[in-house]
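Subject: Structure handover and notes

Hi,

Here is the structure for you to take over. My notes follow below it, grouped by topic.

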Amino acid sequence: MAFYLGIDVGTSGTKTLLVDEAGNVVAESDASYPLEQPRPGWTQQDPDDWWKATVKTVRAVIKKSKVAASDVKAIGLSGQMHGSVFLDKDDNVIRPALLWNDQRTAAECDEITENAGGRSALIKMVANPALTGFQAPKILWMRNNEKRNFAKLAKVLLPKDEIRRRLIGDYVTEVSDASGTLLLDVVRRNWSKKLLGKLDLDPDLLPRVVESEEVTGQLTSEAAKALGLTTDCKVVGGAGDCAAGAVGNGVVKKGVLSTSIGTSGVMFVHSDEPQYDAAGRLHTFCHAVRGKWHMMGVNLTSGGSLQWWVENVIQGLAGVSGKDVYKAVTEEAKKIDAGSEGLVFLPYLNGERTPHADPDVRGSFVGLGMNHNRGAMTRAVMEGITFALRDSLEIIESLDVPVRQIRVSGGGSKNPFWRQMQADVFGRKVTTLKVEQGPAYGVALLAMVGDGLHRNIESACKANILVAEETKADRAAAKRYNALFPVHRDLYGQLKESTQALAEYRETFL
């Protein structure tokens, strides 16, 4: 029997799955690594940590499964999008990689917009506005602020593609992840020579671009030895984590939308044609499905907000430790009615993308009173995260993009309370899958296609992904949320002036 690896290089750790040709997960392994935050709003990591985690988790799943190395036919790669790995001519990492949630590049976003001829002209070129998380402004930030490092720069890779380089010895990316650099002509599915010229960036800095199921190479002898595999093992294009997660959820046809709550939150809908939000609130990217696209809303701190609340504020409950604390705080939140007794939480702890595209905004509780206890505050955090996802859903529907089914994934799908909350906030039925393994599973399916086991990714998903259950909206709760949602939606505008003043304060004193 043939086996396939799916490797997801995430923000908090790397997850690796070993999947058999019937789509069953045979073994899985996780390895975590640190996140550097040298200044407020700055995030970076050491790419060597990603490689060490990749080696560790691949070896772990092979050992657990006792599968012969020669039976592992192909690898699919996924990873956190937008990050920038800067390499010199000898492939040495020049500095820590800047990540997707790094907010240091506001000035460079303005520079890109101006050089492109304005926001509208930029969106026409690359389908998206300039956002601080994207890769292009990170390259310009290095050019503007670390001139000695920029002088050494020979190549810029996305996180998963740095792992690919160490696997196959070549510089390659694929269309879904490349879409998030801001340098891809999303309609033509290749680098935008026009924008690169306007930004005075050498096209040779970038890797070649392929479709997501294409074979990009085979393991080098050095990589095969490190992983315990053979040089016959193929490595396919894979996908950025959002597109990979959507593939893993079977969102590969029109009318199906997925919502995922992980560190960030994502609302992802398939599109047969490139569709645009003229206001630039949603991303339009190439899908990991050949010749298809998707629209996506992103919230920077979704599950990250709950993690912050539990680990930095609550800091544990008496007699409760580890993951049990999340179960305990959920039980407290359950005792509070929908709407958290009029308390609203804005989950903008590290800036926000959809719909505000504001790196300076920060989170807040609004409406806090003497009547509110810890359970109410926990529930407000969870509701605020879910309201932020509804922001994206409302934009998608306002653009007449059909949404016939919503599939929920990530931590928000595994928690029945939060799953019900999503149905209630969205005011419609949501579904879960029998097996939900996220991006790593999606790229394992792409590896199957690259190896010829399935004709295309649509047939691979049809053979392996099944809906498990449906959760219907509770009418009473949905009514409460419909009344509260406009308050959430309007608070950003009402607080914007104050949050900008606080951003200036942070810049001056922190």
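The charged end of Arg104 sits over the ring of Trp42, 3.8 Å from the ring centre. Arg104 also lies over the face of Trp141. There the distance to the ring centre is 4.7 Å. Please keep in mind that this is a predicted model.

**Aromatic pairs**

The structure holds 9 aromatic pairs. Take Trp309 and Phe365. Their ring centres are 5.6 Å apart and their planes stand at 65 degrees. Planes over 60 degrees apart count as edge-to-face, so this pair is edge-to-face. Trp309 lies in helix H11, residues 303-314. Phe365 lies in strand S21, residues 364-366. The pair therefore ties together parts that are 56 residues apart in sequence.

The two partners differ in burial. Trp309 is buried, at a relative accessible area of 4%. Phe365 is partly exposed, at 24%.

Next, Tyr505 and Phe509. This aromatic pair is tilted, with 40 degrees between the planes and 4.9 Å from centre to centre. Both residues lie in helix H18, which covers residues 475-509. They are 4 residues apart, about one turn of the helix. Tyr505 is partly exposed, with 47% relative accessibility. Phe509 has 58% relative accessibility and counts as exposed.

There is also a cluster. Ring pairs link Trp308, Trp309, Phe345 and Phe365.

**Nonpolar cores**

The largest nonpolar core has 112 residues. Which residues have the most contacts inside this core? They are Ile75, Leu167, Leu183, Leu219, Leu229 and Ile457. Helix H16, residues 439-450, supplies the largest share of the core, with 9 residues.

Leu229 is one to click on. Leaving out residues up to four places away in sequence, Leu229 touches Leu5, Val58, Ile62 and Ala69. Leu229 also touches Val72, Ile75, Leu219 and Ala224. Two of these partners, Ile75 and Leu219, are themselves listed among the residues with the most contacts inside the core.

A second core is separate and has 48 residues. Val381, Met382, Ile385 and Val403 are among them.

**Strand S5**

Strand S5 spans residues 72-79 and is mostly covered. Of its 8 residues, 7 are buried. Which strands pair with S5? Three are worth a look:

- Strand S1, residues 3-9, runs parallel to S5 and is joined to it by 7 bridges. Asp8 stands opposite Ser78 of S5.
- Strand S14, residues 234-236, pairs with S5 in the parallel sense over 2 bridges. Val235 in S14 is the bridge partner of Ile75.
- Strand S15, residues 239-240, is joined to S5 by 2 bridges, and the two run parallel. Ala239 in S15 is the bridge partner of Ser78.

Ser78 thus appears in two places: opposite Asp8, and as bridge partner of Ala239. Ile75 also turns up again. Ile75 pairs with Val235 in S14, and is listed with the residues that have the most contacts inside the largest core.

**Ser29**

Ser29 is found in strand S3, residues 25-32. Is Ser29 buried or exposed? Its relative accessible area is 9%, and under 20% means buried, so Ser29 is buried.

Ser29 and Arg59 are 30 residues apart along the chain. Their C-alpha atoms are separated by 9.1 Å. Not counting residues up to four places away in sequence, Ser29 touches Thr14, Lys15 and Thr16. Further contacts of Ser29 are Thr57, Ala60, Val61 and Lys64.

**Cysteines**

How many disulfides does the structure hold? It holds 0. Why is Cys242 unpaired? The closest cysteine sulfur, in Cys286, is 14 Å from that of Cys242, which is too far for a bond. The cut-off for a disulfide is 2.5 Å between the sulfur atoms. Cys286 is likewise in no disulfide, with the sulfur of Cys242 as its nearest cysteine sulfur.

Both cysteines count as buried. Cys242 does so at 16% relative accessibility. Cys286 does so at 0%.

Over to you.

Technical notes. Residues numbered from 1 in each chain as written. Predicted model: local features only at pLDDT ≥ 70, side-chain atom pairs only at ≥ 80, totals over all residues. Heavy atoms only, no water. Core = buried A, V, L, I, M, F, W, Y, C linked by side-chain atoms within 4.5 Å. Buried < 20%, exposed > 50% of the residue type's maximum accessible area, 1.4 Å probe, protein only. Contact = heavy atoms within 4.5 Å. Phe/Tyr/Trp six-rings, centres within 6.5 Å; stacked < 30°, edge-to-face > 60°. Lys NZ or Arg CZ within 6 Å of the ring centre and 35° of its normal. Pairing = 2+ DSSP bridges.
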